[in-house]
Structures are given as C-alpha cells and as structure tokens.
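Good morning, colleagues. Please look at the sequence and the structure on the screen before we turn to the contacts.

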There are 2 protein chains.
Amino acid sequence: MRLSTKGDYGVRALIELALHEGEGPVQRAVIAARRQIPESYLDHLLAQLRRDGFVRSTRGPSGGHELARPASEIRLLDVLESLEGSLAPLGCLEDGEAHSEQHVVCGQRWVWQEIYDAMRARLAAVTLAELLERDRTRKGRIAPSYSI
Amino acid sequence: MRLSTKGDYGVRALIELALHEGEGPVQRAVIAARRQIPESYLDHLLAQLRRDGFVRSTRGPSGGHELARPASEIRLLDVLESLEGSLAPLGCLEDGEAHSEQHVVCGQRWVWQEIYDAMRARLAAVTLAELLERDRTRKGRIAPSYSI
DNA sequence: TACAATCTCGAGCGATTTACTCGACAATCC
DNA sequence: GGATTGTCGAGTAAATCGCTCGAGATTGTA
C-alpha cells in the first residue's frame, strides 16, 4: 500500500516549481538538490509530467522547468495518477475489471471501494497551491477530525 | 498503492472460515478451491494468521483451520496489518520515522496522514462478521456518500 | 501397528517492478 | 564554437512478489 518514489518525488518537484512560480525556469539540479531527488531519475519524472501537461521545459543556458499551469489549477490527484497510474487498492476496482471472476470471490470490494473513493475525493480537493501554502508556513495545521 | 495478494487472499480465506464458524475445521484445499487461492501459497498466509491469533489449526484426517475468535471480534484492520505490515502510503508516516530528513522535504505528508487515518478508521470499524454478512446477501448495499 | 490425511516449515525460484545510472544527442545562449 | 541546459532510451542491480516443492510432524482410522 505504499506510494512509489515516483509519486513522492514527482510531487516534491512540483512543489519546488510552485515555490518559484512566475520567476522563470528552475534547473533540474536545483530541484534535485532542494528536494533530495536523484538528478538523473528526476529526468523521467519531469518527462512524464511534461507529457501530461503539468510542466513546461526550456533548454540551453538558464533553461529549466516551470509549471505549465497555475499551481492553483493543478490537482494532487491528477499528478499522482499521471506518475503512479491507477491508485486503486484492489485490481477489481479498476475501470474495466468490473465483472471479472475475482469480483465474486473477493468479498471485501465494497470496503475498498469506499476507501478508494474517499481517497480520490480528498486528493482531488488538494491543489499544488495548497500544498505550497502549507509547505511555506510549516505550521502543519491540525487535521480536522473526519471519517469515511 | 495496491494491496498485495497476501492481504486479498488472506481476507478471502478468513471470510470462508467465518462462513463455517462453529462447524469444525475447514481444510486448506477447500478454502483454496472456494476462494481461488493457490493452495501451497495459502499455507503461508494461514501460518501468519495463526501466529497472530486469528486462526487455529488442527492436523490429521478431518483436521483443518477455523477462526480462533468470533468473526464479530476480528477487525479487518488487524488482519490486513498482520498480512501486509504497515498500510502507510508514505514511509514518513510510519511509527519511528517521525523525524527523518525526508519529513522536511516531503511537503505532502499532511494529506497522506489524513487519508491514512481515515483508511485505518474505516478498516477498524469493519469486522469479519460484517464482511460475511455482505458476502451472503450479495446485495452490496449502496455506499453512503462520505468524505474525509 | 500401519497408513492415509492433514497441517507445518523453510528453502528456493522465476518474473516483475523499482529505483535508479549512463551516454549520446538536441537546443539555446554567449 | 563552446558551454549549459534539457531529452530520450537503453540498461541494470536489487528488491519484492507470487508462488512451488519437499521433507517432516501430527492425528484419526482400520
């Protein structure tokens, strides 16, 4: 049930870009150093984020990477699904798998469906801008009590 | 973010045992066939569940496996954490990792903390008895709307 | 007592995934 | 032209996953 480093690193990188929004491109080396990401690995993550329209890159001296859209319009859910693929906890929750054999024999699908839905809803409600804000004011305000 | 087959298969097996609660032991071969689990793999899952006190096994002819406690007292959360280890989506959410370097540089910990807490709360509220009930009446009652 | 049925335990193993590195190349700016 | 940056794809070592197998222990039955 662990997020892979792709998702983790990728979001870190985007937070770094959000931090310098409107200040021109940030170099790979800078992102990597500030967020503790292996530089050559970061390449692949940026490539994926570029493909899906989150990041724009420019080459040459003083080139680098920047957000392709405002941080307030980039949802955490979309970023993570770009980098990780589906976040579904069970295979039978994925689109298209709705009527497999496993489905009948599984017995726990409904709980995971609830959890999956709640997770996606929460991730969809968080934008890079909000992540950035909390990253700046490192107060980490107390999480409200909640339930599924 | 996918549950491994251990958790999936293990819960399936326990549902099968819950289905025959109070009827004496169920054989490995029966569980495996009914819930589509590789028989020799099931061995390891049952061993783990035995170690953690969910299952009691008896050898010899007409031996097999049964629940060590009432189905209504076995929480899905405990079963899954027994089989999967921690369900934490990020390493930095695990006990003991509270003050690592990653923590500072991560920036998304709080969202995942919220999701993780909600997930554990939901899984803690579901017992084998409830899973069984829904498995029997395959109505799969409509999930209530909810949020984190 | 033999023997068959069942669980028990640990070693091993092939395939896949993860988390990278590296090198050749392309673009841009000076 | 050369320095600086990004781009792309191949490759790879290690870990994890999802099992199988075999040798044994235990128990019920004839």
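To which kind of atom of DNA strand D does a polar side-chain atom of Arg59(A) lie 3.3 Å away? The partner is a base nitrogen of DNA strand D. I should say at once that this is a predicted model. Arg59(B) also reaches a base of this strand: an N or O atom of its side chain is 3.0 Å from a base nitrogen of DNA strand D. A backbone contact falls elsewhere, with an N or O atom of the Arg28(A) main chain 2.8 Å from a phosphate oxygen of DNA strand D.

The elements that each contribute two or more residues to the surface near DNA strand D are, from chain A, helix 3, strand 1 (55-58) and strand 2 (64-67), and, from chain B, helix 1 (5-19) and helix 3. There are 23 residues around DNA strand D, and those that come nearest are Arg28(A), Arg50(A), Ser40(B), His44(B) and Pro61(B). By class, this surface has five nonpolar, 13 polar and five charged residues. Of the strand D atoms within 4 Å of the protein, 63% belong to sugar or phosphate, and the rest belong to bases.

Let us turn to the other strand. Around DNA strand C there are 25 residues, of which Ser40(A), His44(A), Pro61(A), Arg28(B) and Arg50(B) come nearest. Sugar and phosphate make up 63% of the strand C atoms that come within 4 Å of the protein.

Which side chains place a polar atom by a phosphate oxygen of DNA strand C? Among them are Tyr9(A), at 3.0 Å, Ser40(A), at 2.7 Å, and His65(B), at 3.4 Å. Two or more residues each come from helix 1 (5-19) and helix 3 (39-51) of chain A, and from helix 3 (39-51), strand 1 (55-58) and strand 2 (64-67) of chain B. The surface near DNA strand C comprises six nonpolar, 14 polar and five charged residues.

Finally, a helix pair within chain B. Helix 1 of chain B packs against helix 4 (residues 76-84) of chain B at an angle of about 135°, and their axes are 9 Å apart. The two helices are therefore oblique to each other, and the crossing is right-handed. Helix 1 contributes Lys6(B), Gly7(B), Gly10(B), Val11(B) and Leu14(B) to the contact, while helix 4 contributes Leu76(B), Val79(B), Leu80(B), Leu83(B) and Glu84(B). By class, this contact has six nonpolar, two polar and two charged residues.

Thank you for your attention.

Notes:
Residues are numbered from 1 along each chain as its sequence is written. Chains are lettered from A and ligands numbered from 1 in the order in which they are written. This is a predicted model: local features need pLDDT of at least 70, side-chain atom pairs count only at pLDDT 80 or more; totals for chains, interfaces and linings use all residues. Side-chain values use heavy atoms; hydrogens and water are left out. A residue is near a molecule or strand if one of its heavy atoms lies within 4 Å of it. A polar contact is a pair of N or O atoms within 3.5 Å; within protein, one must be able to donate a hydrogen and the other to accept it, and residues adjacent in sequence count only if both atoms are side-chain atoms. Helices (H or I, at least four residues) and strands (E, at least two) are DSSP runs, numbered from the N terminus. Ala, Val, Leu, Ile, Met, Phe, Trp, Tyr, Cys and Pro count as nonpolar, Asp, Glu, Lys and Arg as charged, and the others, Gly among them, as polar. Axes are lines fitted to C-alpha atoms, for helices over the stretch in contact, and angles run from 0 to 180 degrees between N-to-C directions. Angles under 35 degrees count as roughly parallel, over 145 as roughly antiparallel, 65 to 115 as roughly perpendicular and the rest as oblique. A crossing is left-handed if the near helix is turned anticlockwise from the far one by less than a right angle, and right-handed if clockwise. Contact means heavy atoms within 4.5 Å.
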